[in-house]
Amino acid sequence: MMTTPDFLPFSREVPTMQLPSPKTLLILVGLFVFAPAASLAQNAEEIAEALPERVLFVTSGGFWQDAGDAARQDAGTDGEAETDAAGEPGAGAMRRGYFRLIVVRGEDNRSLVELQRIELAADGPALDQSTSLEEINELGAYVTDVRPENSTGTSSQPGFAAFVYLKTDPTVSEPDTWTVFVDEFGDILVEQSSN
């Protein structure tokens, strides 16, 4: 116990605060550090379990960026990120994200291919746009594999490229290769590879 100094008008004993033991501190720090990781792991497990059985392949890569809606409408805006008075991204803020190519088994057991733009929003990834790749879907093919052109995880230029391996006849031994290409302007090209 500690007593108050004599110059104070009241005198009473002031209890001293004892610090927790180092072992207790270590446990508390561990809870703060590892609890979010456990939550993310549980969340990933829940997401994986909720994934529909008809999803055959998913690959992602590349990147896209564009100005927000207000900046696109304002011809005088140079596309740089804008913020409001609170410092939050405004309507003209630069939006960024990546591409995801997803293959699902259709009701007739043929493969259907979708190209999606995923926005990296403040509260996590969000679907921005989804486009059905009719050039492949109209073939009534069976997709056997999907691979990104670049598996390094980095891109120096906006866009996306991936290869889709498919068979229109399941009895043939080698699949046909199709290329899905998105250029820096967002234009999509889907064509059979020539090699």
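# Briefing: two open sheets and a pocket

Strand 4 (residues 94–105) and strand 5 (residues 111–121) pair in the antiparallel sense, and nine bridges link them. The model is a predicted one, and the points below follow its strands through an open sheet of four strands with the order 3-4-5-6, then through an open sheet of four strands with the order 7-8-9-10. They then turn to the largest pocket, which has a volume of about 280 Å³, and to contacts that involve aromatic rings.

**The sheet with the order 3-4-5-6**

- The strands of this open sheet are paired in the antiparallel sense, in the order 3-4-5-6, and its edge strands are strand 3 and strand 6, each of which pairs on one side only.
- Averaged over the sheet, and with direction ignored, neighbouring strands are turned by 25° against each other.
- As a general matter, the strands of a sheet pair through backbone hydrogen bonds, and they may do so in a parallel or an antiparallel way.
- Strand 3 and strand 4 run antiparallel and are joined by 10 bridges; within this pairing, glutamine 65 has arginine 96 in strand 4 as its bridge partner.
- Between strand 4 and strand 5, tyrosine 98 has isoleucine 118 in strand 5 as its bridge partner, while isoleucine 102 is partnered in the same way by glutamate 114 of strand 5.
- Leucine 101, for its part, stands opposite leucine 115 in strand 5.
- Strand 5 also pairs with strand 6 (residues 124–132), again in the antiparallel sense, over eight bridges, and here the bridge partner of leucine 120 is proline 125 in strand 6.

**The hairpins of that sheet**

- Strand 4 and strand 5 form a hairpin with five residues between them, and in its turn asparagine 109 has a positive phi of about 70°.
- A hairpin also joins strand 5 to strand 6, in this case through two residues.

**The sheet with the order 7-8-9-10**

- This open sheet of four strands is likewise described by antiparallel pairing, with the order 7-8-9-10.
- Strand 7 (142–148) and strand 10 (188–192) each have a single partner strand and stand at the edges, so one side of each is left without a neighbour in the sheet.
- From one strand to the next, the twist of this sheet averages 20°.
- Strand 9 and strand 10 pair in the antiparallel sense over five bridges, and threonine 179 has glutamate 191 in strand 10 as its bridge partner.

**The largest pocket**

- The largest pocket has a volume of about 280 Å³, and of the 19 residues that line this pocket, the closest to its centre are Gly62, Asn150, Ser155, Gly159 and Phe160.
- Two or more residues of the lining come from each of strand 3 (55–67), strand 8 (160–167) and strand 9 (176–182), and strand 3 gives the most, with three residues.
- Sorted by class, the lining of the largest pocket holds six nonpolar, 10 polar and three charged residues.
- In general terms, empty space of this kind is shown by rolling a probe the size of a water molecule over the atoms.

**Contacts of aromatic rings**

- Arginine 117 lies over the face of tryptophan 64, at 3.7 Å from the ring centre.
- A search of the whole structure for aromatic pairs finds one.

Conventions. Residues are numbered from 1 along each chain as its sequence is written. This is a predicted model: local features need pLDDT of at least 70, side-chain atom pairs count only at pLDDT 80 or more; totals for chains, interfaces and linings use all residues. Side-chain values use heavy atoms; hydrogens and water are left out. Two strands pair if DSSP finds at least two bridges between them. Rings of Phe, Tyr and Trp (its six-membered ring) pair if their centres lie within 6.5 Å; planes under 30 degrees apart count as stacked, over 60 as edge-to-face and the rest as tilted. A charge sits over a ring if NZ of Lys or CZ of Arg is within 6 Å of the ring centre and within 35 degrees of the ring normal. On a 1 Å grid over the protein atoms alone, a cavity is a set of points where a 1.4 Å probe fits but cannot get out, and a pocket is an open set with protein on both sides within 12 Å along at least five of seven lines; lining residues have an atom within 4 Å of a point. Grid points are joined across faces, edges and corners, and a volume is the space filled by probe spheres set on the points. Ala, Val, Leu, Ile, Met, Phe, Trp, Tyr, Cys and Pro count as nonpolar, Asp, Glu, Lys and Arg as charged, and the others, Gly among them, as polar. Axes are lines fitted to C-alpha atoms, for helices over the stretch in contact, and angles run from 0 to 180 degrees between N-to-C directions.
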